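The following paragraphs offer a guided reading of a structure, to be followed with the sequence and coordinates at hand. Please consult the display below before proceeding.

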Amino acid sequence: MLASLPSALQTLANYRIHNTRASKEVVDKGKVLLDAQAASSLGDDAWAFLEQLTLAAIDVANYEVADECLRQLAAQFPGSPRVDVLSGIRMEATQPPEIALKFYDELLETDSSNAAIYKRRISVLIRIGKIEQAVTELSDYLDTFYTDVEGWVELAELYSSCNQYTSATRALSHALLLAPQNPFYVLQFAETAYTADDIPLAIKMFMLALDIIDRHASEESIPTGVSIRAWYGVKLCCRALSERSCSSASDTLLPKNLPLLDELSTERVLTAYSAAGKDNATGRELVLSWMGPSDRSGGRLHFVR
Amino acid sequence: MVNYTVGQLAYLKIFFHAAKHPHLQVNGVLLGKKVSETVEIIDAVPLLHHWTSLSPMMEIGLDLARRHAESLELQLVGYYQACERLDDTALAPVGERVASKVKEGFTHAVALVIDGDKIGSPDNAALIPYLAQSPSSSWRPYTEAGTAVPFSSGSSFSLSPPDLPARAVSLVRDQQLQRKFGDFDDHLEDVTIDWLRNKAAMSFDIQE
């Protein structure tokens, strides 16, 4: 078992770097390390490991492991705001939400600059279904901590979950200002704009997402990953634009030469399927029939009344 | 009132989808057919787990799933979803829209919401059926006449075979088949992922 420790450590470090939420794996591997008291051999990495294991253990409801990690962390860093956050999360797992909210309120009274505590508070509000209050508090929080990109994205998701798609695009535009090179935020913006029925804005953002992705890809390459999704989006917008008149609440101009763009998006999506090989023949055929001239029994799905 | 039966493929796919993303909302559609007075829910196609409140990929996925159903000589007969929070069993505005869309093509459409508190117990279907009078009316949890609860004996809803929850729990717990399971969101990032059939996750020995 000891021979597998280095590889377990490596895996856990990888999860930390990539922010992978593989809680069960983390607890399986981490518990072995904890029992072997291997943390002391990690040096400063030990604390990051214990924090990771605490969160994963709470995730899979292994509170014994979580409490042991917390005990070690609290002994090393008494009064640390970062450990306070972990203690709060542990509290959220088994205590009523009111208790956790009270705990966070008290922490904020002594130190109002702890961004993570604000965010925990907001996440508790979301969990108990107080979405309106969560939106208000998150907006206030972002007034102070404007550069928190994830905060803006979360705000957009809250708005979307309440059918307020125009407010969602407004929140996402802050995320785009702060992280203009992140294709995922652009893609989320595009899909939100489409849902808000601003098709010209949606197609523009789908194409912007592709532009950002393509900066890192060679020309004529096979679309992979997030670009397949974006090409599907372009295709869907082209189709909407050819079927009905689409207004734009944001006064976005349409791209030139839509028919060509329509053709290109079809070709790009199908290329991804062709490259995937013969095993995928039936899936490709289905997509091909969907791509064909508009014979859609389905039609548009209105999320906004 | 027609009866509804949920078959093995459909139930396991719903279960695997929810088990793969325990901290996210997931959704998909149900495939089946109506045989005399019974709607047989035979299969399911998993759609989203990323941005479940946004419509474009849902629109495409729904369209492709419908075509896939037709190729199997089935039709879309319903919608399913699991919520992010365990205690949340609301169909949510988006779920209602999608379910209504399905209902436009199939009068007896049903929406199944996973009961997060009960899922994982081997003797409970953990599914809450929602029905609507018409595509434009609102969706309500179905309550049986009398005292029976849905999926109990005597209910209009049943699992076929009845021990599906126990099977699902053991396939997730012992074989972790949910890890081999993929939905349309996964497929959009890697088109080799077989979201329509999910053969890899369904490769256990099926006993009919």
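Consider first residues 149-182 of chain A, a span that is 79% helix and 0% strand, with end C-alpha atoms lying 11 Å apart. UniProt, in an unreviewed entry, places the feature "repeat: TPR" at these positions. The coordinates belong to a predicted model, which scores ipTM 0.92 and pTM 0.88.

A further annotation applies to chain A: for residues 100-193, the unreviewed UniProt entry lists "domain: EMC2 TPR-like". Over residues 100-193 of chain A, helix accounts for 81% and strand for 0%, and the end C-alpha atoms are 36 Å apart. The whole of chain A contains 15 helices and zero strands. Its C-alpha trace spans about 65 × 50 × 35 Å along the principal axes. Of the 305 residues in chain A, 36% are buried. Among contacts in chain A with a separation of 6 or more, 51% are accounted for by residues 24 or more positions apart.

Two individual positions illustrate the local environment in chain A. A:K31 lies in helix 2, which covers residues 23-35 of chain A. Is A:K31 buried, exposed or partly exposed? A:K31 has 17 C-beta neighbours inside 10 Å and therefore counts as partly exposed, since a buried residue requires 20 or more and an exposed one has 12 or fewer. Although A:K31 and A:A66 are 35 residues apart in sequence, their C-alpha atoms are 10.0 Å apart in space. The second position, A:G225, is found in the loop between helix 12 (199-214) and helix 13 of chain A. A:G225 has 14 C-beta neighbours inside 10 Å, so this glycine also counts as partly exposed. Its C-alpha atom is separated by 9.7 Å from that of A:I213, which is 12 residues away along the chain.

The discussion now turns to the interface. Here 32 residues of chain A are in contact with 26 residues of chain B. Which elements of chain A give two or more residues to the side that touches chain B? They are helix 9 (149-161), helix 11 (183-195), helix 13 (226-243), helix 14 (258-275) and helix 15 (281-291). Helix 13 of chain A supplies the largest share of that side, namely six residues. By residue class, the side of chain A that touches chain B divides into 13 nonpolar, 14 polar and five charged residues.

Chain B has a secondary structure of five helices and eight strands, arranged along the sequence in the pattern β-α-β-β-α-β-α-β-β-β-β-α-α. The radius of gyration of chain B is 16 Å, close to the 17 Å given by the globule rule for 208 residues, so chain B is as compact as a globular protein of that length. Its C-alpha trace spans about 45 × 35 × 35 Å along the principal axes. Within chain B, 52% of the 208 residues count as buried. Residues 24 or more positions apart contribute 63% of the contacts in chain B that have a separation of 6 or more. As for the confidence of the prediction, the pLDDT of chain B averages 92, and 98% of its residues score at least 70.

UniProt places the feature "domain: MPN", again in an unreviewed entry, at residues 4-133 of chain B. This span is 33% helix and 33% strand, and its end C-alpha atoms lie 16 Å apart.

Strand 3 of chain B, residues 38-48, merits closer inspection. How many of its 11 residues are buried? Nine are, and the strand is accordingly described as mostly covered. Strand 3 of chain B pairs with strand 1 (residues 3-7) of chain B through four bridges, and these two strands run parallel. Within this chain, B:V6 has B:I41 of strand 3 as its bridge partner. Strand 2 (residues 26-35) of chain B is joined to strand 3 by nine bridges, and this pair runs antiparallel. B:K34 has B:V39 in strand 3 as its bridge partner. Strands 2 and 3 of chain B form a hairpin with two residues between them. In the turn of this hairpin, B:S36 has a positive phi of about 45°.

Note on methods: Residues are numbered from 1 along each chain as its sequence is written. Chains are lettered from A and ligands numbered from 1 in the order in which they are written. This is a predicted model: local features need pLDDT of at least 70, side-chain atom pairs count only at pLDDT 80 or more; totals for chains, interfaces and linings use all residues. UniProt positions are given in the numbering used here, feature names are shortened, and annotations may be inferred rather than shown by experiment. Two residues are in contact if their C-beta atoms, placed from the backbone, lie within 7 Å. Ala, Val, Leu, Ile, Met, Phe, Trp, Tyr, Cys and Pro count as nonpolar, Asp, Glu, Lys and Arg as charged, and the others, Gly among them, as polar. Two strands pair if DSSP finds at least two bridges between them. pLDDT is the predictor's confidence in each residue, from 0 to 100. The radius of gyration is taken over C-alpha atoms; the globule rule is 2.2 Å times the number of residues to the power 0.38.
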